[in-house]
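Got your viewer open and your selection tool ready? Let's take a walk through this one, stop by stop.

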Amino acid sequence: MNLRARVSYLTLVVLLFMIEIAAAGLMWLDHSIDGTIVHGLLGLVMFVIGVTACTAAQQRPVTMFNPLKAGHIVTLMFVNVGMLMVIAIHDCDHMRQAMGWGYRFTLSLLLINVIVYLPNLLSLYLIAHGRKVGIWATLISGLLIGGLFLKLHLLGAWLPVWGPWNQSFFVLRVDVISWWILVITVLAGVLIALIAAEVYGETRAKI
């Protein structure tokens, strides 16, 4: 990873951290101590993982056991952090909705919601360490997050663990901002999956 790519990547990591701090701030304004702590810790964890991933990527030579080129690693690190940013913004929109409804997040819902960040965090870790399986993890993460968010908000939940969001956006009568954020989230998931598929194709062609 060259200096320019490293600076750009770390800038995205800092922006991701700032989005989570903003989320913690929203929770504070809503007098939710649990929400403030959960999102503050989540932001800190993602910042640490993001920075250590950059360090790990710097130390990964291309070998027969580590076939991913630097360009592939950088691309997939960028898209995974980008997806995490989209998810965090999606979360902030739910906080905005909840404040408008007078709904208070429960601790169980806050902890369950952390799960949606795990696929891309795992993908980021695998890619930064030069694991080829990280390509598939990125592809699956994009489709999984985009598809599940779309299903949840258009059709409602299969498992009633999402509080008010067990119901569809149609039932909740959300505003246009929420609809656009949903569209962006789904498109980001599809785009990330396509980029991962292209990287996989390039690694296969190289072999």
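Which residues make a nonpolar surface patch of about 1100 Å²? Select Val 14, Leu 15, Met 18, Trp 28, Leu 29, Ile 33, Ile 37, Leu 41, Leu 44, Phe 47, Val 48 and Met 99, and you have the patch on screen. Keep in mind as you look around that this is a predicted model.

**Stop 1: the helices behind the patch**

Now colour helix H1 (3–29) and helix H2 (33–58), the elements that each give two or more residues to the patch. H2 brings the largest share, with six residues. For a taste of the other helix, click on Leu 15, which is found in H1. Leu 15 counts as partly exposed because its relative accessibility is 36%, and the range for that label runs between 20% and 50%.

**Stop 2: along H2**

Stay with H2 and try a distance check between its end C-alpha atoms: they are 38 Å apart. At 1.5 Å a residue, the 26 residues of H2 should span 38 Å, so the two values agree.

Next, hide the patch and look at the buried side of the story. Among the buried residues of H2 are Gly 35, Thr 36, Val 38, His 39, Leu 42 and Gly 43. Further along, select Met 46, Gly 50, Ala 53, Cys 54, Ala 56 and Ala 57, which are buried too. What covers the buried residues of H2? Show H1, helix H3 (70–101), helix H4 (107–114) and helix H5 (118–128), which are included in that cover.

**Stop 3: aromatic rings**

How many aromatic pairs does a search of the whole structure find? The count is nine. Pick Phe 169 and Trp 179: their ring centres are 5.4 Å apart and their planes sit at 90 degrees, so this pair is edge-to-face. Phe 169 lies in helix H7 (residues 169–172) and Trp 179 in helix H8 (residues 176–206), so to speak ten residues apart along the chain.Add Phe 170, which forms a tilted aromatic pair with Trp 179, at 5.1 Å centre to centre and 50 degrees between the planes.

Are these three rings buried or exposed? Phe 169 counts as buried, at 1% relative accessibility. Trp 179 is partly exposed, with a relative accessible area of 24%, while Phe 170 is exposed, at 54%.

**Last stop: a ring cluster**

Finally, select Trp 101, Tyr 103, Phe 105 and Trp 165, and you'll see a cluster linked by ring pairs.

Notes: Residues are numbered from 1 along each chain as its sequence is written. This is a predicted model: local features need pLDDT of at least 70, side-chain atom pairs count only at pLDDT 80 or more; totals for chains, interfaces and linings use all residues. Side-chain values use heavy atoms; hydrogens and water are left out. Rings of Phe, Tyr and Trp (its six-membered ring) pair if their centres lie within 6.5 Å; planes under 30 degrees apart count as stacked, over 60 as edge-to-face and the rest as tilted. Helices (H or I, at least four residues) and strands (E, at least two) are DSSP runs, numbered from the N terminus. Buried means under 20% relative accessible area, exposed over 50%, partly exposed in between (1.4 Å probe, protein chains only). Patches are made of residues with over 30% relative accessible area and no salt bridge: like charges are joined within 9 Å, nonpolar side chains (Val, Leu, Ile, Met, Phe, Trp, Tyr) within 5 Å. Accessible areas come from the Shrake-Rupley method with a 1.4 Å probe; for residues, only the protein chains shown count as cover. A salt bridge is a side-chain nitrogen of Lys or Arg within 4 Å of a carboxyl oxygen of Asp or Glu. The expected span of a helix is 1.5 Å times one less than its number of residues. Contact means heavy atoms within 4.5 Å.
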